[in-house]
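Reader: I should like to go through the assignments in this structure and hear the reasoning behind each one. Please set every value against its criterion.

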Amino acid sequence: MRLQALVFDCDGVLGDTERDGHLPAFNQTFAEFGIPVEWSVERYAELVKIGGGKERMNHALTDDDLRAAGLDPADRADIIARLHKRKSAVFQELVQGGAVPPRPGIRRLIHEALDLGLKVAVASTSAEASVAAVLRTAVGEEAAARCVIRAGDIVERKKPAPDIYLAALEAIGVDAEHAVAVEDTDIGLAAARAAGLVTVITQSALTQPDEDFTGAAMVLPHLGDDITVAALDELLTPDERNPL
């Protein structure tokens, strides 16, 4: 096989974490801090186009929102950091409580890849501890320990920049031409393609109808039972490889 590694996004790929985990965690955190904001599914579907939880809050929370909770907007950076720390803890509690089951095909495919000796990595803009919790839930403790995670603030530029994918490829020691990425959003696709990766899209609960998946090797509702390591290996022909 040409294929030596699979690199997965976390949120929306390993599980429908955005809708079932991150969104309720954000809203619970806002309520705990007294911030009069509750994001709807529709509003959050817009915000997920911004890579990173801190970045989403910094974009969406106004100074008036902070003042209404008795918080000083002059301390915005510290407030956002505190909010994100609490939100990440709430998210992990939800995941560990079973709120975010793995998406179809994820557990089977990752176990197959590991059994065949392929490297498996997760490249995400979410906090590393949150990604690790999702991965353990999706594939089990033993398999998760055999995967590499690159996540959160280890890179300055988040998706759609390719940096987190480049970091994951470096960590597992595999060139992009021998790996396939799995994503669920257009910004994730842009990041993976910019890293030189052939990319498969598995549409999640928050994938929007207007997202542009031009350049994806496949666009699927989920990984199901038919997508195998052998099927992904077939995507790695020279004319289909994404340019750097």
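Author: The model is a predicted one. A suitable place to begin is C147, which counts as buried at 11% relative accessibility.

Reader: Why is C147 called buried?

Author: The term applies under 20% relative accessible area. C147 has 11%, so it counts as buried.

Reader: How do you know that C147 is in no disulfide?

Author: A disulfide requires cysteine sulfur atoms within 2.5 Å. The nearest cysteine sulfur to that of C147 belongs to C10 and is 12 Å away, so the criterion is not met. C10 is likewise in no disulfide, its nearest cysteine sulfur being that of C147. The structure holds zero disulfides. C10 is buried too, with a relative accessible area of 1%.

Reader: What makes D63 and R76 a salt bridge?

Author: The closest N and O atoms of D63 and R76 are 3.0 Å apart. The cut-off is 4 Å between a side-chain nitrogen of Lys or Arg and a carboxyl oxygen of Asp or Glu, so the pair qualifies. D63 lies in helix α4 (residues 63-68) and R76 in helix α5 (residues 76-96), so the salt bridge ties together parts that are 13 residues apart in sequence.

Reader: Why is D63 called partly exposed, and why is R76 called buried?

Author: D63 has 33% relative accessibility, which falls between the limits of 20% and 50%, so it is partly exposed. R76 has 17%, which is under 20%, so it is buried.

Reader: How do you know that E112 and R108 form a salt bridge?

Author: Their closest N and O atoms are 3.9 Å apart. That value is within the 4 Å cut-off, so the pair is counted. The two residues are four apart in helix α6 (residues 106-115), and are therefore separated by about one helical turn. E112 is partly exposed at 25% relative accessibility, and R108 is partly exposed at 30%.

Reader: What makes R157 and D163 a salt bridge, and are these residues buried or partly exposed?

Author: The N to O distance is 2.8 Å, which is within 4 Å, so the criterion is met. R157 has a relative accessible area of 48% and is partly exposed. D163 has 19%, a value under 20%, so D163 is buried.

Reader: How many salt bridges result from this rule, and which residues are linked in a network?

Author: The count comes to 17 salt bridges. K54, E55, D153 and K158 are linked in a network of them.

Reader: Why is the pair of F26 and Y44 called tilted?

Author: The structure holds five aromatic pairs. In the pair of F26 and Y44 the ring centres are 5.8 Å apart and the planes stand at 55°. The centres lie within 6.5 Å, so the rings pair; the angle is neither under 30 degrees nor over 60, so the pair is tilted. The pair links distant parts of the chain, with F26 in helix α1 (residues 17-33) and Y44 in helix α2 (residues 41-47), 18 residues apart. F26 is buried at 1% relative accessible area, and Y44 is buried at 0%.

Reader: What makes the pair of W39 and Y44 stacked?

Author: The planes of W39 and Y44 are 20° apart and the centres 6.0 Å apart. The angle is under 30 degrees, so the pair counts as stacked. Both residues are buried. Ring pairs link F26, F30, W39 and Y44 into a cluster.

Reader: How do you know that the charged end of K87 sits over the ring of F26?

Author: The charged end of K87 is 4.6 Å from the centre of the F26 ring. The distance limit is 6 Å, with a further requirement of 35 degrees from the ring normal. The charged end of K87 also sits over the ring of F91, 5.4 Å from its centre.

Reader: Why is S130 called buried, and which residues is it in contact with?

Author: S130 has a relative accessible area of 1%, which is under 20%, so S130 is buried. S130 lies in helix α7 (residues 128-139). Leaving aside neighbours within four places in sequence, S130 is in contact with S88, F91 and Q92. S130 and H22 are 108 residues apart in sequence, and their C-alpha atoms are 9.7 Å apart in space.

Key:
Residues are numbered from 1 along each chain as its sequence is written. This is a predicted model: local features need pLDDT of at least 70, side-chain atom pairs count only at pLDDT 80 or more; totals for chains, interfaces and linings use all residues. Side-chain values use heavy atoms; hydrogens and water are left out. Buried means under 20% relative accessible area, exposed over 50%, partly exposed in between (1.4 Å probe, protein chains only). Contact means heavy atoms within 4.5 Å.
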